[in-house]
Amino acid sequence: MAESQTSTETDWVSRFADDVIAESERRAPGKPVVVASGLSPSGPIHLGNLREVMTPHLVADEIRRRGLTVRHLISWDDYDRYRKVPAGVAGVDASWAEHIGKPLTSVPAPTGSAYPNWAEHFKAAMAGALDELGVEYDGISQTEQYTAGTYREQILHAMRHRADIDAVLDRYRTKKDPAGGGGGQGTGGRKPQQQKKVDEAELEAAEGSGAADEDDGSGNSAGYFPYKPYCGNCEKDLTVVTSYDDDTTELNYTCSACGFAETVRLSEFNRGKLVWKVDWPMRWAYEGVIFEPSGVDHSSPGSSFVVGGQIVREVFDGVQPIGPMYAFVGISGMAKMSSSKGGVPTPADALEIMEAPLLRWLYARRRPNQSFKIAFDQEIQRLYDEWDSLARKVADGSVLPADAAAYARAVGTAAGELPSTPRPLPYRTLASVADITAGAEDQTLRILSELDPENPLTSLDEARPRLDRAESWITTQVPAEARTIVREESDKELLGSLDEQGRESLRLLLEGLDSHWSLDGLTTLVYGVPKVLAGLAPDAKPTPELKAAQRSFFALLYRLLVSRDTGPRLPTLLLAVGADRVRRLLAG
């Protein structure tokens, strides 16, 4: 594990860790450093929301590496209202609309779920992904906090100071309010002229903590109240507070959904919550949060983060956390995911096709204010190539300091290394083999063992879990029409139409198969055949004419082997097909 850097070349995580430690010592010397994230299980928790967790996680982990005690709080905003029925969720239909307005923990889980309610169902998938990613955190259920009366004094305090809160909010009511929710995903500053489809995807991804559409308690003819009860009859938050007495804490409300009315004492009542723009700063003060990131939308006037900074100071006598505004996380190949799942991919989706260290690296290597994309399409192969290249540079000592730090943060945490693949063969090779063999283990082992005859693979476990991720990518992300199907019989018509040069190129290839039967050997062979035909040495440097001849030769081989002009890398394809079958298909 690399030690923390203290030079001018420190990475962004180290710089934030320096600031957080200094701020924590100033505010609460000798106490654990507190960083925070907020997630709403209002539906599938997507990869954009993961930045809300990974940014403080990486900073917290750096602080742990320095030997300090740190708490990473993840507030599960499961007491938020259920706002809409998400599209494309299995086991959910239009009938779930009847639950809109209830707390997420009072909404039934999707049909067939093993979990007791909606919130727990979606929390479970995210919790599993965070565990696989090595994220250490203290989870806090806001349902449990509110219904246990944990925030009772803070609620009563907010109600006593409702005029002060109203005054802060009123400073922004004439401005355009982006209705920023806490912990939400920002829009990344995209310009209007960009594609509408991308903007709609980003808006969907912007629904961070589930508070984006929540009102701030204003618009009540009886006055301003920062607290909203859930109805005692229908459980919905479509309630209006009609009066409140500070001395007795007696509160009257009516429900616009079912007409129910009730008088309660807030000193005893636990079925409601502070409105979001008051709830968030209240928690900052209550938990003593030093560091919490937020989406870029919170840099706007009237956003939850900006307003919360004033409310925490003026009402709760606290201090706003330090923390960056984080940029949008895009998805390469998301169109396919959206059509099949009705939403943005989740961390669990990503971990089906890539190893945890790679996913961690994507968040660690970019500063929070830099947007980036996570690949679900062919780009994942290039991403893995880049990752493997970085690993080689780390191994030989040629890596730059900031890149070394990002790599160290990806492969492990202060608690130790994450699981890794013993023989990390190229992802694109594994994907090609999985494509050609359709996952047949005996065939897969045969091919992979022939990649490097000097050091053959003896068990598929040596290539796992990367092999499993590549197989999953092929089966879930590559359309059926793009899969590789090797011909059963030779294309006699095409073979019969070849000119002398075409026949000679195939003869040279077949002649060299046995002596070149390895990944490197076949690479040399397929690139060398056009060189020999041109009267050049097999190691001659390519010219534009030679490159054109190579492309023509490659296209011929693809047509004879898989009836297409393109396909997996030819050396991998030849190994997968096997020498005997290659001879049968190319010799006719």
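This briefing describes a three-stranded sheet and the confidence of the model that contains it. The model is predicted, and the mean pLDDT of the chain is 89, with 89% of its residues reaching 70 or more. Within the chain, strands E5, E6 and E7 form an open sheet in that order, and their pairing is antiparallel.

**The sheet as a whole**
- Strand E5, covering residues 239-244, and strand E7, covering residues 261-265, stand at the edges with a single partner strand each, so one side of each is left without a neighbour in the sheet.
- From one strand to the next, the twist averages 25°.
- Strands of a sheet pair through backbone hydrogen bonds, in either a parallel or an antiparallel manner.

**Pairing of E5 with E6**
- Strand E6, made up of residues 250-255, runs antiparallel to E5, and 5 bridges join the two.
- In this pairing, Ser 243 stands opposite Asn 252 in E6.

**Pairing of E6 with E7**
- E6 and E7 also run antiparallel, and they are joined by 5 bridges.
- Leu 251 stands opposite Val 264, which lies in E7.
- The hairpin of E6 and E7 has 5 residues between the strands, and in this hairpin Gly 259 takes a positive phi near 85°.

**Where confidence is low**
- Over residues 176-213 the pLDDT stays under 50, although the model has 93 contacts beyond four places in sequence for this stretch.
- Residues 335-341 likewise have a pLDDT below 50, and this stretch has 13 contacts in the model beyond near neighbours in sequence.

Conventions. Residues are numbered from 1 along each chain as its sequence is written. This is a predicted model: local features need pLDDT of at least 70, side-chain atom pairs count only at pLDDT 80 or more; totals for chains, interfaces and linings use all residues. Side-chain values use heavy atoms; hydrogens and water are left out. Two strands pair if DSSP finds at least two bridges between them. Helices (H or I, at least four residues) and strands (E, at least two) are DSSP runs, numbered from the N terminus. Axes are lines fitted to C-alpha atoms, for helices over the stretch in contact, and angles run from 0 to 180 degrees between N-to-C directions. pLDDT is the predictor's confidence in each residue, from 0 to 100. Contact means heavy atoms within 4.5 Å.
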